[in-house]
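Reader: I'm new to this one. Can you walk me through it?
Author: Sure, here it is.

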Amino acid sequence: MKKNTGINLCMIGTGYVGLVSGACLAEMGNRVVCVDNNLEKIKMLQKGKMPIYEEGLEELVDKNVKSGRLFFASSIKEGMMHKGHRAEAVFIAVGTPPREDGSADLSAIEKVSREIAENMTDYTVIVEKSTVPVETCLWIEKTVTRHNKKNIPFDVCSNPEFLREGVAIEDFLNPDRIVIGVPSKKAEFVLKKVYSALSKYPMLVTDVKSAELIKHASNSFLSTKISFINAVANICERTGANVEDVARGMGLDKRIGPSFLKAGIGFGGFCFPKDLEAFYWLAKQKGYNFELLKNVKEINETQKMWIVEKVQQEMWNMEGKTVAFLGLAFKPLTDDMRFAPSTDIAKELIKRGARIRAYDPVSMENAKKSMKGIYFAKDAYDCVKGADCICLITEWKEFAELNFSRVLKLVNHPIMIDGRNLYDPDKMRTMGFTYISVGRK
Ligand SMILES: NC(=O)c1ccc[n+]([C@@H]2O[C@H](COP(=O)([O-])OP(=O)(O)OC[C@H]3O[C@@H](n4cnc5c(N)ncnc54)[C@H](O)[C@@H]3O)[C@@H](O)[C@H]2O)c1
């Protein structure tokens, strides 16, 4: 990585995106101050402890803190003027959670925009990194103008983030593309300098609105691909075809591509569900009925319940039956439980009378905060003890490598419902499991 490009940055919001982006931007040679209004988070980080699970993050943070390029602060004021270093670019990476009607809650964005305005002392590039509806940058500009009492010059840019939790550092430092939406050459120059260490990767420079739209359109498209293959899996189940062969056959077509064609129990996490909703809502606001996105969401909701229906079919009566969940997070390598399908699945099974035992290698602490009435096991074997049925919820590697003879001795009944098509159906059946997977015979 290139060192000391000399750009001073402030990253507001030190969550999954802000912390990874801040650490990576420091690794790329920038001087970065990560700010968060969650004091506990900042204190942890100042002690070298990570508030989230992300592979390689602790080492990357530690390295850049020691190199004097990465700092943590609890106020925007301190972040924008840190030990005599003025931030030339201020990134916004705060949360944009969904409101009840599906629209994005942009109140944190408005709040930090005001504070940025109050703390600018010279030309500042304000960079919107959170995922937001198109035209949010316009609102940021209006807000900053309103609170910019000293008339300090500034530009508002869009720089959507495409990293995936679990491989976030790899994604940030080796991106498919960097998108920057800029209103001026001056802002473009600053952002190109920020990303100069990644100059071998494609950088797409657009107007601000197009950059904002790229993120919502991309996430909605990926969600559509997942729901499409899940719908196809349902047809496979009803006809005896095999969804994995169908997906392979489709994916070999270069126009389609193989990624995001893995059938399962639906998408979750902090991005896809909320971005899909927000894009649908935004389209509606603009007078366009983007019905396709509504269907994508409906397919996903139904797909989450696929596993509940399979458990019901096997158990007949759910009252008092024990169901073991292997995995809780919406995907492996993350502790993020936001909008994880496991939450809705557990709720429904409990409603139907089942008892849930669950285990996840890293998301247990977060799960305990949001999931009630569940036994949280100490490992996978403790989890399957006395189970009438096992549900594979998250395809963690350690679940692929389980000692199945041990599992068979621990369960009450050897029923495995594989929501991620992790296991080989023939092998599972040969071992003695009643084995059910998504869209496969
Ligand atoms: N998580 C992902 O994989 C991912 C990927 C790409 C884009 N995004 C988008 O990035 C944004 C952030 O997502 P995240 O997953 O990092 O969320 P997060 O909840 O992990 O992080 C947001 C952080 O902002 C902080 N914050 C909120 N208000 C603040 C304020 N006024 N001042 C300072 N800090 C404040 C919160 O305390 C929190 O630590 C969202 O818009 C999300 O859609 C997320």
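**Around the ligand**

Author: By class, 11 nonpolar, 10 polar and five charged residues make up the shell around the ligand. Here Ala, Val, Leu, Ile, Met, Phe, Trp, Tyr, Cys and Pro count as nonpolar, Asp, Glu, Lys and Arg as charged, and the others, Gly among them, as polar. This is a predicted model: local features need pLDDT of at least 70, side-chain atom pairs count only at pLDDT 80 or more, and totals for chains, interfaces and linings use all residues. Numbering starts from 1 along each chain as its sequence is written.

Reader: Which residues are the closest to the ligand?
Author: Gly13, Gly15, Val17, Ser130 and Thr131, out of 26 that surround the ligand. A residue is near if its C-beta atom, placed from the backbone, lies within 6 Å.

Reader: Which elements give two or more residues to that shell?
Author: Helix H1 (16–27) and helix H5 (107–119). Helices (H or I, at least four residues) and strands (E, at least two) are DSSP runs, numbered from the N terminus.

Reader: New topic. Which residues of helix H8 are buried?
Author: Ala187, Val190, Leu191 and Val194. Buried means 20 or more other C-beta atoms within 10 Å of its own, exposed means 12 or fewer, and partly exposed is in between; C-beta atoms are placed from the backbone.

Reader: Why are they on the same side of H8?
Author: Because they cover an arc of only 95 degrees around the axis. The arc is taken from the directions from the helix axis to the C-beta atoms.

Reader: What's exposed on the other side of H8?
Author: Lys185 and Phe189.
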